[in-house]
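Please open the model in your viewer and keep the selection panel at hand, since the tour below moves from one selection to the next.

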Amino acid sequence: MFAYYMELALRSLKRNPVLTALMVLAIGLGIGASMTMITVLHVMTNDPLPERSAHLYTPHLDPLPLDYTHGGNGPDPADNLTWPDAMSLLRAHRGVRQAAMAGGTLLALPVQSGLQALYAAGRYTTADFFALFGVPFEYGAGWSAEDDAAGAHVVVLSDELARKLFGRADVVGRTARLGELDYRVVGVVSRWDPAPQFYADSTGSQFSDIDTFFLPLSVAVNEDLPVSGNESGWSDDEKAGSSKRGAAMSWLQFWVQLDTPAQVADYRRYLVNYSAQQKALGRFQRPPTEAALFGLMDWLAHRNLVPNDVHLQLWLALGFLFVCMVNIVALLLAKFLRRSGEISVRRALGARRRDIFVQLGVESALIGVAGGTLGLAIAQLGLWSVRHRPDDYARIAQMDPSMLAGTFVLAVLASVLAGLLPAWRACRVAPALQLKAS
Amino acid sequence: MQIRPILAALRRHRLATLLIAMEIALACAVLCNACFLVVQRWKLIQINSGVDESALAVLTVNGFDPSQAADLNARMLTGLRTIPGMQSVTLINQVPFGTQAGAAGISHDPGSFKNTIGVVDFVLGGPGTYQALGLKLVEGRLPQADDYRPATNFAPPDAQVLVSRALADHAWPGESPLGKDFWCDKLHFRVMGVVDHLARAHPHDWGTQATEWTVFTPTLPGGSLAGTYLLRADPHDLPRVLHNARDAVAKIAPDVVLDQENSQTVSDLRTTYFESDRIMINLLLGVIVTLLGVTALGIVGLASFWVQQRRRQIGIRRAIGATRGDILRYFQIENFLIVSGGIVLGMALAFGLNLLLMQHYELPRLPVHYLPIGALTLWGLGQLAVLGPALRAAAVPPVVATRSV
């Protein structure tokens with residue numbers, strides 16, 4: 001029966017090619033625009049580390065004084081940790097693995113002569129970082145906790161930066177000059193760029209930044225290396241409020257691996273206890289319950305990385321799809337009612353209302369499939385134009401297989417939905433009246 | 001032409017009528033709000049920076065030690081000034097649409113965070129920078145040679161400054177700003193003059209009120225005022241001059257790094273800065289056009305169906321004396337009535353949508369005059385779309401009445 005309905009649908013669509021083309025075009029445009037924006041939103045809210053994200057958590061404390069008011073547009077200082085707090089959490093070693101980190105940009109001098117010096121973005125962090133996030137090494141390995149403690153001048157380079165500085169990637173043991181200092185290369189990592197860069201400070205470009213070097217955090221503090229993220233101080237005391245070791249300046253991010261729900265609950269308790277203890281000591285003023293532990297995806301949701309413009313464009317696209325659908329409802333209604341005579345003959349010959357309904361439904365679905373194909377092409381065009389935008393997220397706007405399938409499902413669903421009302425109206429045509437009238 | 005029979009006929013096609021009216025209503029709501037968004041963005045893009053953008057470029061170098069700042073400035077100024085076609089090279093910390101260098105909160109009282117005025121951009125300029133920018137003084141006096149003093153902190157202490165008119169109106173509404181004092185933490189400033197316009201580096205980031213909250217602070221080169229240079233040349237000559245200047249840096253100061261991104265003409269910086277807004281405008285315009293197109297197609301499709309369905313009735317009317325004009329007008333009036341119904345619904349929808357946008361995107365209220373414009377557009381669109389089918393209806397010969405189908 002289905003094959004017969006298909007044949008009927010094809011014949012009916014061919015009989016009126018202009019109207020069919022109009023409907024396919026309308027649904028194609030609506031689907032194309034919607035899928036472009038849904039894909040952009042999808043990649044922006046993507047899981048940057050699918051294998052590990054379920055076990056990664058970031059602890060948050062609120063060391064701000066009670067009378068501190070957060071002014072306007074700037075980032076919240078309580079998003080980051082102070083040096084003393086980060087070091088306490090690190091030493092407590094309550095998670096499976098943990099690392100403290102901050103971003104930094106340093107001037108890198110190529111070893112090969114004749115090349116321009118360049119600015120390299122990287123991260124100051126602690127030994128566990130590489131194992132915590134599963135950073136893939138090409139040569140060598142990360143540094144040890146002892147190197148952290150000693151403030152050893154060691155560096156891990158990205159493959160890209162190693163090639164820029166040395167012309168090749170197997171450079172373990174050689175010396176790289178970053179900023180004013182020399183570092184011994186202990187490892188080279190292959191391309192690793194989680195997007196968004198969830199572990200970075202909120203002021204960076206989340207979707208386009210890639211770390212090209214990793215240095216021990218202790219070196220950054222000892223040598224007072226420049227930090228690229230937000231450094232917020234809340235004390236008049238120069239030493240506490242604006243030095244890296246200060247207890248009243250937040251600038252560090254902290255991530256911890258917790259494998260079981262029990263570990264997560266323990267860690268939450270530990271954070272509250274730690275805050276209570278700091279409050280008792282007089283360092284914290286706010287209630288210890290302000291301490292929070294975010295999972296990776298929760299943290300991204302909390303940070304809300306999707307710009308308003310993208311939301312607005314998504315709503316525009318969906319609104320457009322809706323208008324297209326209303327339009328298709330009207331056109332299908334006209335198309336189906338025009339065939340009242342034919343439907344009446346089928347009904348008189350014994351077709352049930354249900355049969356008519358299914359037949360017309362198949363016809364709408366066919367339009368949906370054609371519209372979905374067109375929509376897919378339009379969405380690819382749309383994504384191509386998004387990739388040429390100057391925005392931070394442009395680079396990652398690509399469709400994955402699930403989005404591809406989603407396009408078709410949405411298109412067929414939209415057109416079947418649009419066909420429901422006209423099909424229902426058409427299968428209620430009274431056969432006798434129609435047959436008599438013609 | 002009587003409206004009564006048209007309404008009676010429409011009542012027999014309730015579903016189709018409702019669908020077209022709904023389409024018109026949706027189109028009306030989206031059209032009004034999208035146009036409003038376009039106009040808002042357009043105003044944003046048209047911001048007056050107050051400087052001679054076409055004649056100015058900025059050149060930034062970094063990677064030098066602060067102790068070498070004075071030496072570097074001297075070398076750069078003399079070196080760059082020898083480039084043919086260069087009208088002036090002066091020191092500045094930031095230009096409109098470039099990298100923001102000095103945004104800080106100011107208040108009416110020293111050292112406190114009470115009685116604040118707001119966060120402003122401090123534009124530090126060396127001798128000659130004011131003239132090079134081409135700012136327009138509207139009140140007070142120009143900086144004299146002894147107003148230029150070295151910056152000990154991020155700006156010179158007790159500096160005499162120029163403020164933009166927008167900042168003056170905000171900080172001292174209804175008063176003359178001349179001679180007024182303000183503080184940035186403990187640093188004291190006194191207003192000596194007001195310039196017509198001077199945009200901040202990132203006018204977008206601070207809300208529509210604060211796009212021009214700027215303080216021009218005369219400063220001697222050195223210390224925090226180093227590494228960023230304002231180049232002025234004839235607009236036609238500027239790209240070549242900037243290109244030569246970028247090349248010259250390697251010879252003048254081989255030890256520093258040229259900041260490629262921040263060494264551009266101010267016009268280019270402006271284009272880059274507003275790129276996403278331009279894309280948004282084009283996108284919105286695209287949506288408006290396709291939406292109107294789709295709506296028109298819907299009307300054409302349904303009207304054609306009605307014409308075909310009513311061929312016999314049309315024939316009968318023609319046979320008993322109706323002219324072609326009567327038939328044509330019938331369909332035109334019918335369309336007008338349906339579109340009018342849609343517009344009434346659409347106006348309510350437009351305001352609803354606007355309220356939603358106001359809540360989520362800090363958009364102002366939709367001005368009322370958008371509604372009649374939207375209504376006129378849709379009436380016009382409806383008439384245009386129905387014209388084809390209506391003409392076809394008018395062409396139906398009276399003889400149809402006597403045939404059975």
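Contact here means that heavy atoms lie within 4.5 Å, and the model you are looking at is a predicted one.

Begin with helix α3 of chain A by selecting residues 83-92, where the buried residues are A:Trp83, A:Asp85, A:Ala86, A:Met87, A:Leu89 and A:Leu90. Then ask what covers the buried residues of α3(A). The cover includes the strands β1 (56-60), β2 (81-82), β3 (97-109) and β11 (249-257) of chain A, together with the helices α7 (217-222) and α9 (261-280) of chain A. Before leaving this part, select A:His93, which comes just after α3(A) and takes a positive phi of about 55 degrees.

Next, show both chains and colour the residues that meet across the interface: 35 residues of chain B are in contact with 31 residues of chain A. Between them the two chains bury about 3200 Å², and 76% of that area is on carbon and sulfur atoms.

Now pick A:Asp309 and B:Arg41, whose side chains meet in a salt bridge with an N to O distance of 2.6 Å; across this interface the rule finds 1 salt bridge. The count of residue pairs in polar contact between chain B and chain A, with both residues at pLDDT 80 or more, is 5.

Finally, hide chain A and turn to the side of chain B that touches it, to which α2 (14-45), α8 (275-309) and α10 (324-361) of chain B each supply at least two residues. Of these, α8(B) gives the most, with 18 residues. Coloured by class, this side of chain B has 21 nonpolar, 10 polar and 4 charged residues.

How values were computed
Residues are numbered from 1 along each chain as its sequence is written. Chains are lettered from A and ligands numbered from 1 in the order in which they are written. This is a predicted model: local features need pLDDT of at least 70, side-chain atom pairs count only at pLDDT 80 or more; totals for chains, interfaces and linings use all residues. Side-chain values use heavy atoms; hydrogens and water are left out. Buried area is the accessible area (1.4 Å probe) that two parts lose on being put together, summed over both. A salt bridge is a side-chain nitrogen of Lys or Arg within 4 Å of a carboxyl oxygen of Asp or Glu. A polar contact is a pair of N or O atoms within 3.5 Å; within protein, one must be able to donate a hydrogen and the other to accept it, and residues adjacent in sequence count only if both atoms are side-chain atoms. Helices (H or I, at least four residues) and strands (E, at least two) are DSSP runs, numbered from the N terminus. Ala, Val, Leu, Ile, Met, Phe, Trp, Tyr, Cys and Pro count as nonpolar, Asp, Glu, Lys and Arg as charged, and the others, Gly among them, as polar. Buried means under 20% relative accessible area, exposed over 50%, partly exposed in between (1.4 Å probe, protein chains only).
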